[in-house]
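Me: I'm new to protein models and would like to learn how to read one. Could you walk me through it, feature by feature?

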Amino acid sequence: MVLDISSLPLAFQFTSPGPILVKIGPLTIRWYGLLIATAVLVGVSLSQYLAKRRNVNPELLSDLSIWLVIGAIPAARLYYVLFEWAEYVKRPEKIIAIWEGGIAIHGAIIGGTIAALIFAKLKRVSFWQLADLVAPSLILGQAIGRWGNFFNSEAFGSPTNLPWKLYISPERRPSGLENFEYFHPTFLYESLWDLMVFALLLNLFLRGVSGKLRLKTGTLIMAYLTAYSTGRFWIEGLRTDSLMLGPLRIAQVVSLTGILAGLAGLAWLYYRKRPLPDVVATE
């Protein structure tokens, strides 16, 4: 007997209610901005909690969060705009319209990493220690932020008729796919994947602080790079709006680089048994 999954209940079909949460006079609150703000607040609170568990001053993470926001959000927007320059050059006034969506997590990671390196150098603290404390918060924030794509009806996948399909209105459908109504909800796939990676990192962290595992500094961020990038590489292949460089999907190239970097870092720590190069002297 063959099960026709297209006839299953429609409970998992998604339809965006629109990008605007509420509008009161000139004040407009968008889901995208609310979710980003929520991700930041949750992330800061979590990283401070993890810092306490590792006997690190939580105020250090509070200060770092300001640097990360300043470094990550503009970089995320710049990254996206550069790879979509052919469109933004026609409408330069839209370059700063970040509230309409259009940020790239890989750009945020690059910008945040640069900011964190400068912060660690100035504060004379281990960059990898900070990165380990931020990694679980980062992936949890990504899981939250991905739902902004749902409300904006963006970052969806190819057409599908699966029970968990996503309805896209005609004006948001990609060129050549105007006759299709339902698409893969890749925002959901990545959000669920991010939650699984978060569970992995949090479990590793808690087992480390309890003494059940002997985690070396840098382990969590390297595990993050490997695990997140693996899921992103697969999910990106489903999307219809990937940032491209010629025939290459940029996110897949960066994800592959992340996988290799993460595995190399873990091998350096546990096979070579040496600390990662840092901005301060390591043991």
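Reply: Sure, we'll go through helices, the core, ring pairs and charged pairs in turn. Keep in mind that this is a predicted model.

Me: Let's start with a helix. How many residues does H1 have, and how far does it reach?

Reply: The idea is to compare a helix's end-to-end reach with what 1.5 Å a residue would give. H1 covers residues 31-53, which makes 23 residues, and it spans 33 Å from first C-alpha to last, close to the expected 33 Å. Right after H1 comes Asn55, with a positive phi near 60 degrees.

Me: Which residues of H1 are buried?

Reply: Here you look for residues with under 20% relative accessible area. In H1 those are Tyr32, Leu35, Ala39, Gly43, Val44, Leu46, Ser47, Gln48, Leu50 and Ala51.

Me: And what do the buried residues of H1 pack against?

Reply: Their partners are strand S3 (27-30) plus four helices: H2 (58-83), H5 (127-145), H6 (147-152) and H7 (186-209).

Me: Can I read H9 in that way too? What are its length and its buried residues?

Reply: Go for it. H9 runs over residues 250-270, has 21 residues and reaches 30 Å, close to the 30 Å expected. Its buried residues are Ile250, Ala251, Gln252, Ser255, Gly258, Ile259, Gly262, Gly265 and Leu269. The cover over them includes H2, H4, H8 and two strands, S6 (244-245) and S7 (248-249).

Me: Now the core. Which residues in the largest nonpolar core touch the most other members?

Reply: For a core, you follow buried nonpolar residues that are joined through their side chains. The largest one here has 53 residues, and Leu61, Leu130 and Leu201 have the most contacts with other members. At least two residues come from each of H1, H2, H4 (105-123), H5, H6, H7 and H8. H5 is the top contributor, giving 10 residues.

Me: What does Leu201 touch?

Reply: Leaving out residues up to four places away in sequence, Leu201 touches Ala135, Pro136, Ile139, Leu220, Ala223 and Tyr224.

Me: Next, rings. How many aromatic pairs are there?

Reply: You look at two things: how far apart the ring centres are, and the angle between the planes. The count here is 16 aromatic pairs. Take Phe14 and Phe150: their centres are 6.2 Å apart and their planes stand at 75 degrees, so this is an edge-to-face pair. Phe14 is in strand S1 (residues 14-15) and Phe150 is in helix H6, so the pair links parts of the chain 136 residues apart. Phe14 has 17% relative accessibility and counts as buried, and Phe150 is buried too, at 8%.

Me: What about the rings of Tyr224 and Tyr228: stacked or edge-to-face?

Reply: With planes at 10 degrees and centres 5.7 Å apart, that pair is stacked. Tyr224 and Tyr228 are 4 residues apart in helix H8 (residues 219-236), about one helical turn. Both are buried.

Me: Which residues do ring pairs link into a cluster?

Reply: Phe14, Trp31, Trp147, Phe150, Phe151 and Phe187.

Me: Where does the charged end of Lys165 sit?

Reply: A charge can lie over the face of a ring. The charged end of Lys165 sits over the ring of Tyr182, 4.3 Å from the centre. Lys216 is placed over the face of Tyr270, 5.3 Å from its ring centre.

Me: Last one: how many salt bridges does the structure hold?

Reply: You look for a Lys or Arg nitrogen within 4 Å of an Asp or Glu carboxyl oxygen. There are 7 here. Glu87 and Lys90 meet at 3.9 Å, N to O; Glu87 is partly exposed at 39%, and Lys90 is exposed at 61%.

Me: Which parts of the structure does the pair Arg146 and Glu190 tie together?

Reply: Their closest N and O atoms are 3.2 Å apart. Arg146 lies in the loop between H5 and H6 and Glu190 in helix H7, so the bridge joins parts 44 residues apart in sequence. Arg146 is buried at 12%, as is Glu190 at 3%.

Me: And how far apart are the closest N and O atoms of Arg239 and Asp241?

Reply: That salt bridge has them 3.0 Å apart. Arg239 is buried at 13%, while Asp241 is partly exposed at 30%. Through shared partners, salt bridges join Arg146, Glu190, Arg232, Glu236, Arg239 and Asp241 into one network.

Terms used. Residues numbered from 1 in each chain as written. Predicted model: local features only at pLDDT ≥ 70, side-chain atom pairs only at ≥ 80, totals over all residues. Heavy atoms only, no water. Expected span 1.5 Å × (residues − 1). Buried < 20%, exposed > 50% of the residue type's maximum accessible area, 1.4 Å probe, protein only. Contact = heavy atoms within 4.5 Å. Phe/Tyr/Trp six-rings, centres within 6.5 Å; stacked < 30°, edge-to-face > 60°. Lys NZ or Arg CZ within 6 Å of the ring centre and 35° of its normal. Salt bridge = Lys/Arg side-chain N within 4 Å of Asp/Glu carboxyl O. Core = buried A, V, L, I, M, F, W, Y, C linked by side-chain atoms within 4.5 Å.
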